[in-house]
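Visitor: I would like a close look at one chain of this model, and then at what it meets across the boundary. Please keep to what the coordinates give.

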Amino acid sequence: MPETNGHGAPGPGKAGAGKAGAGNGDGHRLASLTLVPRAATRSAAKDFKSDQEVRWCPGCGDYAILAAFQAFLPELEVPRENIVVISGIGCSSRLPYYVNSYGMHSIHGRAPAIATGLATSRPDLSVWVITGDGDALSIGGNHLIHALRRNVNIKILLFNNRIYGLTKGQYSPTSERGKVTKSTPFGSLDHPFNPVSLALGADASFVARTIDSDRRHLTSVLRAAADHQGAAFIEIYQNCPIFNDDAFAPLKEADATAERLIKLEHGEPVRFGAGSKGLRFSRHGELEAVEVAAAEEGTLITHDAHRADPSYAFALSRLDAADFRHTPVGVFRKVEQPSYDQLMAEQIDAARSRSGPGDLAALLAGNDTWEVG
Amino acid sequence: MTKQVQKLDHVIIRFAGDSGDGMQLAGDRFTQETAVFGNDLSTMPNFPAEIRAPAGTLAGVSSFQLQFADHDILTPGDAPDVLIAMNPAALKANIKDLPRGRDLIVNTDEFTKRNLTKVGYEGSPLEDNSLEPYNVHAVPITSMTVKALEDYEITRKDAERAKNMFALGMLSWLYDRPAEGTLSFLKAKFATKPEIMAANVAAFRAGWNFGETTEAFSVRYEVKPAPLKPGTYRNISGNTALAYGLVAASQLAGLPLFLGSYPITPASDILHELAKHKRFGVRTFQAEDEISAVGAALGASFGGSLAVTSTSGPGMLLKAETVGLAVSVELPLIVCDIQRAGPSTGMPTKTEQGDLLAAMFGRNGESPVPVIAPASPADCFNAAIEAARIAVKYRTPVILLSDGSLANGSEPWRIPDTDSLPDLSREFAFAEPADPADFGAAGEFEPFRRDPVTLARPWAIPGTPGLEHRIGGIEKADITGTISYDPDNHDRMVRLRQAKIDGIAADLAPVEVDDPDGAARVLVLGWGSTFGSIGAAVRRARNAGHSVAQAHLRHLNPFPPNLADVLRRYDKVLVPEINLGQLALVLRGRFLVDVISYNQVRGLPFRAAELAGVIEDVIGHA
């Protein structure tokens, strides 16, 4: 019988444990990659471009996200063949076709489930999920919350354009109430999800938000996600120029940016409005924006993404009112928790060190046999 | 006192009581004792879906029937020779199945006015002569158990709960069963509760001694061991055999086993069993729903695991879209459907063969999937290995159709020598690492370039340098696998996927026909769990002087290569199914043979005697 490697995970010989976990030159290995082999040579963004023609609409925010993603992947220092991108259905979910690695464009809403099986059985892979607001929050909502609570070592990029694009413009579970679309000519009746609040409610160990138009910020969030062992959830505000153009315009106007965007940095005082404003807790426990100058000393918040209790991060997520008055971006929450795939591998290792590898003949025989003849 | 010993060639016993009375456990233990004694046997548990229906009601009756014999038998038997009724509800629910003149053991303690009223008895049947046709043994089981346990430091409730062991001890004496196995089982089960352990052992012994001394039983029975093929045997249920088959297939293929599953009756025991076997590197994933369960399995398959999902009918429909994706991306996947009575929730603990057409056709588009079915509880082991063989060799999902009666039924199993099992590692290989130069002018790996013989595409798992590729549910261009909406390409791909599955027929053993005198004009053709009851019915018909042939299908898609010839060799083909004629519909459509369909959907296996009558009718008109 052929042998499998230590964790019972299949894989070509070269993806052995010898290379896995090796530190790179500067001594830091991104936390989600401790069991993933390290590339011998540094690749470039172009190495991750597939030969497929990209077919999103002109001006789609997906282009910017794809470019940032491809430019970021070399930073992982992972061989291209050990990166897997899994998506569901929708415009964003076409992304795997454009990335030259292993990929699966699956079925609507199910990418987190498929990625869970892959990541759980193959700790030597860096697994990325690409999804959209309809895919992840409507048809696939159940898989999303369960993948997050299990803390499977997958990185989930949710492209939120607040509309159904591929089916030509119906309202989505993140569309604002009253949205007039083909399926809601008199305005939508649904109250929208706040994806960050939802992920925090599911006890996700890493939750972040970023914007398609800010490549530097987007890349920094991708880096932080890769440096997290376990499930990472990233909401990316993404413009759909055809069916929901300028949905995030308030955050992109040059002068509004400073006023509305709250860039979160762990360990730093939360400041916006060119440094003039900060956040403090109100009497009722909500966060409120105040003038720094007018605030009592010691009442202003310093961002702490590592708090075990998600209440603070949740309060931050509730600042994102429909009118984008105050919109935090960056890492809301990042806490260390054992990842599901790690725990499963540990159970297997523990069972084997306790009683040795399985013996098929002994299993089949059981304890209650009798002889005939 | 010395008792008369009567020799029997077979006995059918049915234990019946309230769901909380421990009848399944008593039946299981009696089965183990009988197996160790060396009889051939077959069992049929029958219990309500409710965990604890209101005590003493008809809805709460749970029963366990077993047949054992000094010769090889095929079914748990039609009607019991002995019925043990632990309360009035059990009596009322089961008495109609007991033939006149047979033994009825009644726990008289439970025949209180309240319990009688609950099930609509106006007076006690023990006192109104209505049980006169039977050989009644009135035994105050509960009170004798409590009395026997007087000296133990346990509550009265715990003492009463040991009454199933009293009943088991009594039956074990009556049929001369070896008791050692049950005693050591009790010691292990209650290792942490020594008082309860001692009480159960004492209850068992009290039942045994009661049988020996009481005048309630004047005869002790003897059923000699059956002349089984030499070897080492154990008793095994269908779900356990299926789980073991999957572990074996994983070892034989050299692939780690991944099970994605969501709890559902009657499939959950596969998840329970596999969850124990971490030493074999088995990963079990209890998913948030049926869709996630199959999705995770498909993800694991993409990564090179032997991937399995287990479920029952309602779950099958939820998984259908993902099975379709597996058809489209052409990855191995084993889908175990432990069928139960439908539609919808149906009767979760009752058996049926109602999912055949759903397995074959229940997906959108042209979506062919191999379908196989085990014929007996122990055969679930072989069926699992065969499902794995087809899945990894042809890179396709395979549906394995077991059912409730196989899943929970059990029989002696001659434990196979592991060296005799097929080497599945020879049936497939992962695609080897490659250099772009290897791919010629295209310069790209071609994930849909097929093996010319099997038509399987390469199984190129992530982590393999040079084979980076994308797959998905969108139609793919032949060979390159890139997205394609080309009309001719789609037509070609639909036909290629179909040809791959059809081609498996050449790789299957021909269906064997049992036609001992070669004079039969009628063939009885079945599939799945009906093997035992059809076999028993055919024996009856032959014993009555009729010539009749029997064949049983392991492979339902594709069919074995010689099936058309076999069907045309007989004047009449009778197809009994626990559905309304699903295999019959396919046979008629595919072979233009006017098969005769015989159907029951009672949530129970066929009764051999009834089926024998049907066979004789068909022969009479042939």
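Visitor: What percentage of the 373 residues in chain A is buried?

Guide: Buried residues account for 48% of the 373 in chain A. A residue is called buried if 20 or more other C-beta atoms lie within 10 Å of its own, exposed if 12 or fewer do, and partly exposed in between, with C-beta atoms placed from the backbone. This is a predicted model, in which local features need pLDDT of at least 70 and side-chain atom pairs count only at pLDDT 80 or more, while totals for chains, interfaces and linings use all residues. Residues are numbered from 1 along each chain as its sequence is written, and chains are lettered from A and ligands numbered from 1 in the order in which they are written.

Confidence comes next. The mean pLDDT (the predictor's confidence in each residue, from 0 to 100) of chain A is 92, and 93% of the residues reach 70 or more. Over residues 1-8 of chain A the pLDDT is below 50, and this stretch has 20 contacts in the model beyond near neighbours in sequence; two residues are in contact if their C-beta atoms, placed from the backbone, lie within 7 Å. Residues 12-25 of chain A also stay under 50, with 22 contacts beyond four places in sequence.

Chain A has ten helices and eleven strands. Helices (H or I, at least four residues) and strands (E, at least two) are DSSP runs, numbered from the N terminus. Chain A is as compact as a globular protein of its length, since its radius of gyration is 23 Å and the globule rule gives 21 Å for 373 residues. That radius is taken over C-alpha atoms, and the rule is 2.2 Å times the number of residues to the power 0.38. Along the principal axes, the C-alpha atoms of chain A fill a box of roughly 90 × 50 × 45 Å. Of the contacts in chain A between residues at least 6 apart in sequence, 66% join residues at least 24 apart.

Tyr340(A) is one residue to inspect in helix H9 (residues 340-355) of chain A. With 21 other C-beta atoms within 10 Å, Tyr340(A) is buried. Leaving aside neighbours within four places in sequence, Tyr340(A) is in contact with Thr120(A), Arg150(A), Asn151(A) and Val152(A). Val127(A) is 213 residues from Tyr340(A) along the chain, and their C-alpha atoms are separated by 14 Å.

Now the boundary with chain B. There, 63 residues of chain A are in contact with 67 residues of chain B. The elements of chain B that each supply at least two residues to the side touching chain A include helix H1 (23-37), helix H9 (238-253), helix H11 (290-302) and strand S17 (470-472). H11(B) gives the most to that side of chain B, with nine residues. By class, the side of chain B that touches chain A has 31 nonpolar, 26 polar and ten charged residues. In this count Ala, Val, Leu, Ile, Met, Phe, Trp, Tyr, Cys and Pro are nonpolar, Asp, Glu, Lys and Arg are charged, and the others, Gly among them, are polar.

S17(B) pairs across the boundary with strand S2 (residues 102-105) of chain A, in the parallel sense and over three bridges. Strands count as paired if DSSP finds at least two bridges between them. Within this pairing, Arg470(B) is the bridge partner of Gly103(A).

H11(B) has 13 residues and reaches 19 Å from its first C-alpha to its last, close to the 18 Å expected at 1.5 Å a residue; the expected span is 1.5 Å times one less than the number of residues. 13 of the 13 residues of H11(B) are buried, so the helix is largely enclosed by the rest of the structure. Gly304(B), with a positive phi near 100°, follows H11(B).

Gly181(B), in helix H7 (residues 180-189) of chain B, also reaches chain A. Beyond four places in sequence, Gly181(B) is in contact with Asp368(A), Gln32(B), Glu33(B) and Val36(B). With 18 C-beta neighbours inside 10 Å, Gly181(B) counts as partly exposed.
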